[in-house]
Amino acid sequence: MSTGRTFKAALYEGINPSVPLVKVIELPTPIANNGDAVVKVIASRVVAYAKDVLDGTRFYPNELPMVPGPGGVGIVQSVAPGAIHIKPGQMVFIDPTVRSRDHPIRPEAMLQGLVAIGRGQELQKVWTNGSWAEEMLVPLENLTVIPESVQAKFDPAELTSIGNYAVPFGGLYPNLRPGQTVIITGSTGMFGSSAVAVALALGARRVIASGRNKKQLDEFVTLYGPRVVPVVTTGDVAKDTQAFLKAAGEGFDIDVSFDILPPQAAFDAVQASILALRYGGTAVLMGGISASAELPYTAIMRNGLTIKGHFMYDRTGPTTLIGLADAGLLDLHHRQQPKIFKLDEINDAIEWAAAHPAAFEATLILP
């Protein structure tokens, strides 16, 4: 249903190897009537791999056409009947992880504005469009109210970083205890650098930040101090395992390994991190590695290791992160000056984000 009004949005109609990848058009303004809300988008991020998704380099199945853009920050315009806590006028964080409501044990899921696999596309037929738009329709359970005290500390563009931190938070929070030591493989990417910050906010004694980019790893030490120890991985599993063990510090064990490497990465660093775990340690896999995973069977068995796969985070994740930010434990301020685009410049924003994938760089759409 529509109100008869329209809003501006970036429409993606299908894989196109050449620019423009999306086109800005007018779409009918939706009506909140299905346990959802209409939200005016005030800030949204463009992830570095958006271009790969839109030009087909990284295949993501979707119901098309759609408006891309996973999550962001906005102002509630209207809510469906039955809403109790979400009200028009509130500033909210928009969580893109939409889950089906009719099966508590085996829900289907999609990332609104990014990808819908299998039966998740049935959800996408209802909540089709993401946040590269002036307005969007969002399930009520995917909105988290941002308290005024937090709004006073961080502007909307900075608050979009909740989405970056939420992803690694989902895998770290249930598994990492205060005072423990964690290895993060893939720490120099967008989500990996966020994982370093989240681990520190959760009270990690030491974060072993690993990757191939020594300059970026050294920046973590400058930024966070001696609680972060960088390890430049070599691809030699035995050498990297010993480097991780040394980085833990004399008399300390490694409790958790956390991986968030991208699809093109090899598995060797993850294997080394698993081999470095203490007896009873836990390995959390949240990345997208497409290579074969050669798990060290004997080490897993003898050392009583737990290997967990984890996808995204639960509904309470953004609330907890907002609390950490309000307490000063997690700094949402941009580490580097963000590049800001208007919605009409979305194709330029996609190109810019692809060319600037460094850990603390941010590409933002402010409609």
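Here are some notes on this predicted model, written as points to follow with the structure open.

1. Start with the annotated spans. The UniProt record, an unreviewed entry, gives residues 34–147 the annotation "domain: Alcohol dehydrogenase-like N-terminal". In the model, that span is 9% helix and 33% strand, and its end C-alpha atoms lie 25 Å apart. The record, again an unreviewed entry, also has "domain: Alcohol dehydrogenase-like C-terminal", covering residues 192–315. For residues 192–315 the figures are 37% helix and 19% strand, with the end C-alpha atoms 21 Å apart.

2. Now find the sheet with 6 strands. Reading across this open sheet, you pass β13, β12, β11, β14, β15 and β16, and the pairing is parallel. At the edges sit β13 (228–232) and β16 (306–309), each of which pairs on one side only. On average, neighbouring strands here are turned by 20 degrees against each other, if you ignore direction.

3. Next, look at what lies on that sheet. Helix α9 (residues 268–275) packs on it and touches β11, β14 (256–259), β15 (282–285) and β16. The direction of α9 makes about 170 degrees with that of β11. As for β11 itself (residues 181–185), it runs parallel to β12 (residues 206–211), and 5 bridges join the two. If you want one pair to click on, try V182, whose bridge partner in β12 is V207.

4. Have a look at the helix pair α5 and α6. Two packed helices are described by the angle between their axes and the distance between the axes. For α5 (residues 162–172) and α6 (residues 190–201), the angle is about 65 degrees and the axes are 8 Å apart. The crossing of α5 past α6 is right-handed.

5. Who meets whom in that helix contact? From α5 come G163, N164, Y165, V167, P168, F169 and L172, while α6 brings M190, F191, S194, A195, A197, V198 and A199. Sorted by type, the residues of this contact are 11 nonpolar and 3 polar, with no charged ones.

6. Stay with α5 for a moment: is it mostly covered or mostly uncovered? Mostly covered, since 10 of its 11 residues are buried. Among the buried ones are I162, A166, G170 and G171, and the list also includes N164, Y165 and F169.

7. Strand β9 (residues 135–139) is a nice one to zoom in on. Why call it largely enclosed by the rest of the structure? Because 5 of its 5 residues are buried. Its side chains split two ways: E135, L137 and P139 point one way, M136 and V138 point the other way, and all are buried. Its antiparallel partner is β3 (residues 36–45), joined to β9 by 5 bridges. One of the matched pairs is V39 with M136 in β9.

8. Strand β5 (residues 91–94) shows a similar two-way split, with M91 and F93 pointing one way and V92 and I94 the other way, all of them buried. β5 pairs with β4 in the antiparallel sense over 4 bridges, and G74 has V92 as its bridge partner in β5. β5 also pairs with β10 (residues 143–145), again in the antiparallel sense, over 3 bridges. There, F93 has T144 in β10 as its bridge partner.

9. There is also an open sheet of 3 strands, in the order β6-β7-β8, with antiparallel pairing. Its edge strands are β6 (97–99) and β8 (115–116), and each pairs on one side only. Between β7 (residues 109–111) and β8 you'll find 2 bridges, and the bridge partner of M110 in β8 is A116.

10. Last, two backbone details worth checking by eye. L64 and P65 are joined by a cis peptide bond, with omega about 0 degrees. You'll find P65 in the loop between α1 (50–54) and β4 (72–79). The other detail is M312, where phi is near 60 degrees, a positive value in a residue other than glycine. M312 lies in the loop between β16 and α11 (317–326). Buried means under 20% relative accessible area, so M312, at 10% relative accessibility, counts as buried.

Definitions and conventions
Residues numbered from 1 in each chain as written. Predicted model: local features only at pLDDT ≥ 70, side-chain atom pairs only at ≥ 80, totals over all residues. Heavy atoms only, no water. Pairing = 2+ DSSP bridges. Axes fitted to C-alpha atoms, helices over the stretch in contact; angles between N-to-C directions. Contact = heavy atoms within 4.5 Å. Left-handed = near helix turned anticlockwise from the far one by under 90°. Nonpolar A, V, L, I, M, F, W, Y, C, P; charged D, E, K, R; others polar. Buried < 20%, exposed > 50% of the residue type's maximum accessible area, 1.4 Å probe, protein only. UniProt positions renumbered as here; feature names shortened; annotations may be inferred.
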